[in-house]
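This report goes through one structure, from a whole chain down to single helices and then to a chain contact. The sequence and the model are shown first.

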Amino acid sequence: MRRPAADASPVDRLIASHRLRPIELLPWVIAVAAYFVFPDYLPLGSQVLIMILFALSLDLVLGYGGIVTLGQSAFFGVGAYAAGIYSVHVSGEPLSGLVVAAIAAAVVGVISGLVILRTTGLTLLMLTLAVTSLLEATANHADFLTGGADGLQGMTINPILGRFEFDMFGRTAYVYSLVVLFLGWLLLRRLVHAPFGQSLIGIRENVTRMHAIGTPVRQRLLTAYTISAAVAGVAGGLLAQTTQFVGLTVLGFERSGAVVIMLVLGGAGRLYGAFIGAALYMIAQDQIAEVDPVFWDFWIGLLLVLVVLFARGGVLGLCDKLLLVVRRRR
Amino acid sequence: MFAATISILFLGIAYGMVLYIISVGLSVTMGLLGFVNLAHGVFAMAGGYVTVTLMNQYGVPFGFALLAAFIIVAAISVVLERTLYARLYGAGELEQVLFTIGLVFMSVAIVRKLWGPLPQPFHVPHVLDGQINLGFRSFPTYRTFLIGVSVLLILTLWLGIERTAFGARLRAAVDNRRMAESLGINTGRLFSLTFALGSGLAAFGGGLGADILAIDPGYAFEYLVYFLMVVAVGGLGSIKGPFVAAMLLGIGDTACKYLVPQLGSFFIYLAMIALLLWRPAGLFGRA
């Protein structure tokens, strides 16, 4: 974050933080360049983009709102199943499929949010886990609809806008995921810089004071929770459409845990942590976990412990500290 | 019908006892310092592995194996508490959650490396094999033994907390930590001791219930929701609340799995959510 001049008024500061800085375009340059430089890795690339969108959705509630949740995969999974079932039973049109995914996840978000956000701390955490488990059990037993443990079979996805067909090299899937991620980023960037996002930060930092100045805290959190659920649902829908398969793992605890880890490794509460964290995690996992999954679990655990003890703020937090040191030297 | 009800109650109580012994330490840790320790299940898992390994490989009797599990895990947990946990007492909830999840990941990997991915075979000792006649009907001996030991243990625990000086200090610190410190109670040492006791109990419970909660590398994640449920429904910091919650959960879960095997866990989660809607702070929690 660039430090504003000391004499700037609060309004100027808010406007300055909203203005697009050149460095914010860096992820997009890299993403577009990756399309041309690594044509063999496009399927992995789409997965990375999808996980970035998922991590972004988590950043809104966890990074900005301070809601410690371990159940974000509930919305990812609902979105994936909604998009999948829609394509099997209604239509293979992908864009309307994403809308269906977003709506389904948002509905689950509102309902579960009404319950979950009444509590705090350990109880809240446990409820987020329980909602995910509840949905997983439901998906497992409703096998006439979801395919149960075998996964949802028989998805066909039509060409996007009737023109761009999904190819076996994953080119269309990559571009499609990239465009959706870009739109999701625009929405979330807009939100977190708006008064809405600022009030979320306020709630994270000091709930009591936000209550005292008249912020409708629970309603604000519920709104954020629902928007976040919808974005996570879109990410899930994207995964379903680009892989043309939905399995029970979309709802699993592992996915919730992994996305929290990605966000924290990158840096929570700053939008771009999701980009760095998800990309690093997915690429490292692709390289290491295939060879030795046990080894992977151990190092990811150790990394988490070290980040918490020594590098709160993740990779971006470390970058900030480095920058500060460099500036002081000058 | 009557026989089935008795069986469900019996199995459910045994299950609930194990859940309570494992979870009670977590409740006290939460109440004392508000520390969200998601790695609590690791101590139960470690206890299970120590017990099973001692019994299967070294022929140690069940009772001694359980004691060894209690002592070893309590000792390890104190070291962890002093060197790592203590650094995060003032930290935010997210940090504590991440840190303890990191510990779970590491321990799962270590356990898988050392013992392999398969569940550990648990052979009920010969004395506890078969059925025992309790006058009006016979019950499985192992589970009867389990309930008996648990009841003794829980009564000792409750008496200890109600009647000893240590228990009085502990209750004072849970009620009001600052006031307790002002009165000269060394809450840091008190917490280390309590942490060790809670972890040791979890290890004991993990070993004792090895036949009910299977000992495998996924243990710490698989049953985490159950341990958290016991604590959240019982009420943070309460000693007796989690007992009621554990009994409800044990009996409810057993009944659901018996009556509607397809949707067993589904109803349990639903009931728990409804209960927390009614009382967000848990049954015995202070709002």
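What follows covers the fold of chain B, two of its helices, and the side of chain A that touches chain B.

**Overall fold of chain B**

The model is predicted. Chain B is built from 12 helices and two strands. In sequence order these run α-α-α-α-β-β-α-α-α-α-α-α-α-α. The chain has a radius of gyration of 19 Å, close to the 19 Å given by the globule rule for 287 residues, so chain B is as compact as a globular protein of that length. Its C-alpha trace spans about 55 × 45 × 35 Å along the principal axes.

Of the 287 residues in chain B, 48% count as buried. Taking contacts in chain B between residues at least 6 apart in sequence, 76% join residues that are at least 24 apart.

**Two helices of chain B**

The span of a helix can be checked against its residue count, at 1.5 Å a residue. The table sets out this check for H2(B) and H5(B).

| Helix | Residues | Length | Expected span | Distance between end C-alpha atoms |
|---|---|---|---|---|
| H2(B) | 40–58 | 19 residues | 27 Å | 27 Å |
| H5(B) | 141–163 | 23 residues | 33 Å | 32 Å |

For H2(B), the distance between the end C-alpha atoms agrees with the expected span. The two values for H5(B) also agree.

H2(B) is mostly covered, with 15 of its 19 residues buried. Just after this helix, B:Gly59 adopts a positive phi of about 65 degrees.

Which residues of H5(B) are buried? They are B:Tyr142, B:Arg143, B:Leu146 and B:Ser150. These buried residues of H5(B) pack against three elements of chain B: helix H1 (2–33), strand E2 (138–140) and helix H8 (187–208).

**Contact between chains A and B**

How many residues of chain A are in contact with chain B? There are 31 residues on chain A, and they meet 37 residues of chain B. On the side of chain A that touches chain B, at least two residues come from each of helix H6 (121–141), helix H12 (253–266) and helix H14 (293–310) of chain A. H6(A) gives the most to this side, with 13 residues. By residue class, the side of chain A that touches chain B consists of 20 nonpolar, eight polar and three charged residues.

Terms used:
Residues numbered from 1 in each chain as written. Chains lettered and ligands numbered in written order. Predicted model: local features only at pLDDT ≥ 70, side-chain atom pairs only at ≥ 80, totals over all residues. Helix = DSSP H or I, 4+ residues; strand = E, 2+ residues; numbered from the N terminus. Expected span 1.5 Å × (residues − 1). Buried ≥ 20, exposed ≤ 12 C-beta atoms within 10 Å, placed from the backbone. Rg over C-alpha atoms; globule rule 2.2 N^0.38 Å. Contact = placed C-beta atoms within 7 Å. Nonpolar A, V, L, I, M, F, W, Y, C, P; charged D, E, K, R; others polar.
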